[in-house]
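Subject: Structure for your review

Dear colleague,

Please find below the structure that I am handing over to you. My notes on it follow directly after.

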Amino acid sequence: MPAPRRARTRLTCGLAATAVAAVLALAPLAEVTGTLREALAWVAGLAMVLAAAAALRLGSLLGPALVVLLAEYTVVLVGRGDRIDAAAPLFGAGLLLYAELASWAREARPGVSDERPVLVTRAIVVAASALAALGLGVLVLLAATLPAGGGLARLAIGVVATTLTLVLVVVVARPMSTRAPRG
Amino acid sequence: MTRRPSAKIAAYVGVAALALLAGLTLGRPELVAVAAPLAVLVVAGLATARDPELDAEVAVDRERALVGDQVTVTLSLRAGTRVERLEVLLVVPPGMEGPAGGPGGGPGGSSVAPRTTGTPRTWAAAVTLAAGEERALDIGLSCRRWGAYWLGDVHLRAHDRFRLFTWERHLDRHAPLKVFPVPEALRALVRPAETLVSTGSHVAPQRGDGIEFADLRSFMPGDRPRSINWRATARRGGLMVNQRHPERATDVVLFLDSFLDVRGPAGSTLDRAVGAAASLAAAYLRQRDRVGLVSFGGFVQWLQPGGGQTALYRLLDTLMETQVFATAAWKGIRHLPPRTLPAKALIVALTPLVDERGVAALFDLLARGYDLAVVDISPLARTGAAGGEWGGLAERLWALERETLRHRYQRLGAAVVEWPDALHLQQVLLEVEACRRRAGLAPG
């Protein structure tokens with residue numbers, strides 16, 4: 001008996017998200033060797049477990065899963081030295097793709113069946129977001145390699161960007177819920 | 001609508017902030033490239049999120065139905081702005097059942113299915129609405145149990161494009177629906193001991209104009225020539241006339257014991273009682289009798305005896321509101337208005353004989369001289385098989401106690417018949433009638 005569409009959507013998105021997270025967790029291990037690799041393997045394992053749990057069961061683990069994946073990648077970056085990782089935009093797009101697929105899996109509630117246009121639109125938005133993330137990552141890396149402005153200018157841009165992001169954190173941290181009268 | 005941010009926003013912003021700080025601290029532009037998409041998506045989501053303009057109406061295709069019928073609930077949705085994903089959830093009350101497949105209406109032929117977890121059940125679907133679009137979702141519900149229902153408990157949940165916010169709204173559009181039990185075809189009813197003076201279908205014990213032959217007597221001045229029995233006249237040598245029983249109507253009061261409802265796999269005693277009451281009411285009213293109702297329980301309802309189609313609808317409406325209302329207060333029939341129980345009325349009691357207040361009320365009716373017929377809706381089969389030796393013993397004791405109670409009623413002049421699950425109401429009524437004949441309560 002074929003599974004209902006709502007179960008298919010949930011399972012497909014959850015498994016796809018887990019697969020993306022596995023790639024994100026395992027790919028950086030190829031960059032390191034020795035003790036660091038063994039230590040990062042544990043981190044990668046933890047990241048995969050968290051990512052799978054966030055996608056398939058516990059949506060609240062999405063944040064911790066992203067943080068652990070990011071931490072593993074950061075350690076690998078530090079181990080690379082001064083060489084810029086050209087695959088960083090791919091990692092950024094993959095991270096976003098994982099997060100969107102995991103959210104989609106959680107959004108497909110049991111008992112609620114999405115009609116086809118909803119699924120198609122959602123798939124388009126997720127794919128477009130991942131592609132846009134890839135493009136944006138490439139642009140950021142290109143901007144970082146431009147000689148103009150020197151290190152101080154880049155540092156200033158980084159400080160401004162970080163400040164803006166922290167402002168965004170403050171904005172998001174404020175209560176955004178509204179309550180309307182029952183209608 | 002109530003707006004709620006999703007957990008995704010906090011995760012994205014937090015990870016973006018961490019990555020940017022790490023990138024700034026470590027001097028790694030790669031981390032900025034990782035953080036930028038997350039931050040940009042949140043900014044884009046915040047910038048584009050608008051409260052959706054939604055309106056919804058609920059309508060049911062009819063206000064009355066029979067058990068087993070299918071009714072269609074139409075959810076009409078109107079969107080002022082585009083809604084990327086709208087979850088529509090209809091609460092299906094207990095006693096109704098959601099559709100097995102997708103909705104019959106609505107463009108796009110969307111496939112939706114009911115959620116059948118818990119009670120009450122729900123029916124849910126997710127749709128996309130363009131700005132200005134109107135959509136009608138038809139949901140077929142099966143009526144599984146009699147009762148008065150309010151349909152229209154709808155929950156709406158809208159999502160934005162990036163799924164950063166949800167907007168929720170609860171609609172409580174009361175669309176009434178009354179589901180009546182399917183009346184059984186009854187060919188024979190419990191005949192009353194006494195009748196009214198109005199014309200009806202019951203053969204009265206009195207003599208008068210009618211069809212049923214009663215006796216012969218000598219001709220008296222004023223007798224109609226067509227009443228003369230010529231054969232008897234030839235044998236007796238004097239004019240003899242036929243006497244006949246007139247056909248009269250009667251008052252019937254259906255006495256429903258709603259103190260307790262014993263439920264089991266075979267159904268509930270109250271369901272059976274209500275179904276039987278509806279069938280009896282329809283059958284007696286067809287015979288031009290006047291029918292009243294006393295729903296005697298935690299919540300007492302009554303209807304004075306009345307005749308015709310109007311009385312049937314009033315009675316069915318009242319029956320549909322019958323429910324078990326738990327109370328410890330003692331209630332007797334003295335709480336009922338006197339006109340609810342006319343002196344010559346036949347009272348047909350439908351009771352599981354479980355609550356002592358209901359049992360005592362029947363004794364009270366007998367003590368007041370009412371013509372009483374009791375249909376004992378047996379709860380024994382509904383309680384399930386008793387486990388163990390003690391359980392079996394308890395069950396036998398209970399059955400004996402009930403048997404004793406029925407004998408006490410019979411000694412006081414009431415016809416009492418147990419109604420097990422296997423029997424139809426018609427068979428039970430025939431048993432009641434036989435019991436009344438043996439006790440000399442019914443003609444024949």
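The notes below take up chain A, the contact between the chains, and then the strands and the core.

Please bear in mind throughout that this is a predicted model. For chain A the mean pLDDT is 81, and 84% of the residues reach 70 or more. Confidence within chain A is highest in α4(A), at 90, and lowest in helix α6 (residues 150-173), at a mean of 69.

Chain A

Chain A contains six helices and one strand. Read from the N terminus, its elements follow the order α-α-α-α-β-α-α. The chain has 183 residues, of which 39% count as buried. If one takes the contacts in chain A between residues at least 6 apart in sequence, 78% of them join residues at least 24 apart.

Helix α2 of chain A (residues 34-56) can be checked for length. Its 23 residues should span 33 Å at 1.5 Å a residue, and because the end C-alpha atoms are 33 Å apart, the expected and the modelled values agree. The buried residues of α2(A) are A:Leu40, A:Ala44, A:Ala47, A:Leu50, A:Ala51, A:Ala52, A:Ala54 and A:Ala55.

The contact between chains A and B

Chain A gives 56 residues to the contact and chain B gives 60. On the chain B side, the elements that supply two or more residues are β1 (2-5), α1 (7-26), α2 (29-48), β5 (83-92), β7 (113-115), β8 (121-129) and β11 (165-180). Of these, α1(B) makes the largest contribution, with 19 residues. Sorted by class, the side of chain B that touches chain A holds 38 nonpolar, ten polar and twelve charged residues.

The two chains also pair through strands. Strand β1 of chain A (residues 113-114) runs parallel to β8(B), and two bridges join them. In this pairing, A:Ser113 lies opposite B:Ala125 of β8(B).

Since α1(B) features so strongly in the contact, with the largest share of the chain B side, I looked at this helix separately. Its 20 residues should span 28 Å at 1.5 Å a residue, and the end C-alpha atoms are 29 Å apart, which agrees. The buried residues of α1(B) are B:Lys8, B:Ile9, B:Ala11, B:Tyr12, B:Val13, B:Val15, B:Ala16, B:Ala17, B:Ala19, B:Leu20, B:Ala22 and B:Gly23. After α1(B) comes B:Gly27, which has a positive phi, near 70°.

Paired strands in chain B

What is the surrounding of β16(B), enclosed or open? Eight of the eight residues of β16(B) are buried, so the strand is largely enclosed by the rest of the structure. This holds for both faces: B:Asp251, B:Val253, B:Phe255 and B:Asp257 are buried on one side, and B:Val252, B:Leu254, B:Leu256 and B:Ser258 on the other.

Strand β16 (residues 251-258) runs parallel to β19(B), to which eight bridges join it. Within this pairing B:Phe255 has B:Val294 as its bridge partner, and B:Asp257 stands opposite B:Phe296. Strand β16(B) also runs parallel to strand β21 (residues 346-351) of chain B, with five bridges between them. There, B:Leu254 is the bridge partner of B:Val348.

Strand β19 (residues 290-297) of chain B is likewise mostly covered, with eight of its eight residues buried. B:Arg290, B:Gly292, B:Val294 and B:Phe296 point one way from β19(B), while B:Val291, B:Leu293, B:Ser295 and B:Gly297 point the other way. Its pairing with strand β20 (residues 301-306) of chain B is antiparallel and comprises four bridges. In that pairing B:Val291 is opposite B:Gly306, and a hairpin of three residues leads from β19(B) to β20(B).

The nonpolar core

The largest nonpolar core comprises 158 residues, and B:Leu254 and B:Val348 have the most contacts inside it. Helix α4 of chain A (residues 88-107) provides the largest share of this core, twelve residues. The two residues with the most contacts are thus also the pair that bridges β16(B) and β21(B). Leaving aside residues up to four places away in sequence, B:Val348 touches B:Val190, B:Val252, B:Leu254, B:Phe255, B:Leu280, B:Ala373 and B:Val375.

With kind regards

Methods
Residues are numbered from 1 along each chain as its sequence is written. Chains are lettered from A and ligands numbered from 1 in the order in which they are written. This is a predicted model: local features need pLDDT of at least 70, side-chain atom pairs count only at pLDDT 80 or more; totals for chains, interfaces and linings use all residues. Two residues are in contact if their C-beta atoms, placed from the backbone, lie within 7 Å. Ala, Val, Leu, Ile, Met, Phe, Trp, Tyr, Cys and Pro count as nonpolar, Asp, Glu, Lys and Arg as charged, and the others, Gly among them, as polar. Two strands pair if DSSP finds at least two bridges between them. A residue is buried if 20 or more other C-beta atoms lie within 10 Å of its own, exposed if 12 or fewer, and partly exposed in between; C-beta atoms are placed from the backbone. A nonpolar core is a set of buried Ala, Val, Leu, Ile, Met, Phe, Trp, Tyr and Cys residues joined through C-beta atoms within 7 Å. The expected span of a helix is 1.5 Å times one less than its number of residues. pLDDT is the predictor's confidence in each residue, from 0 to 100.
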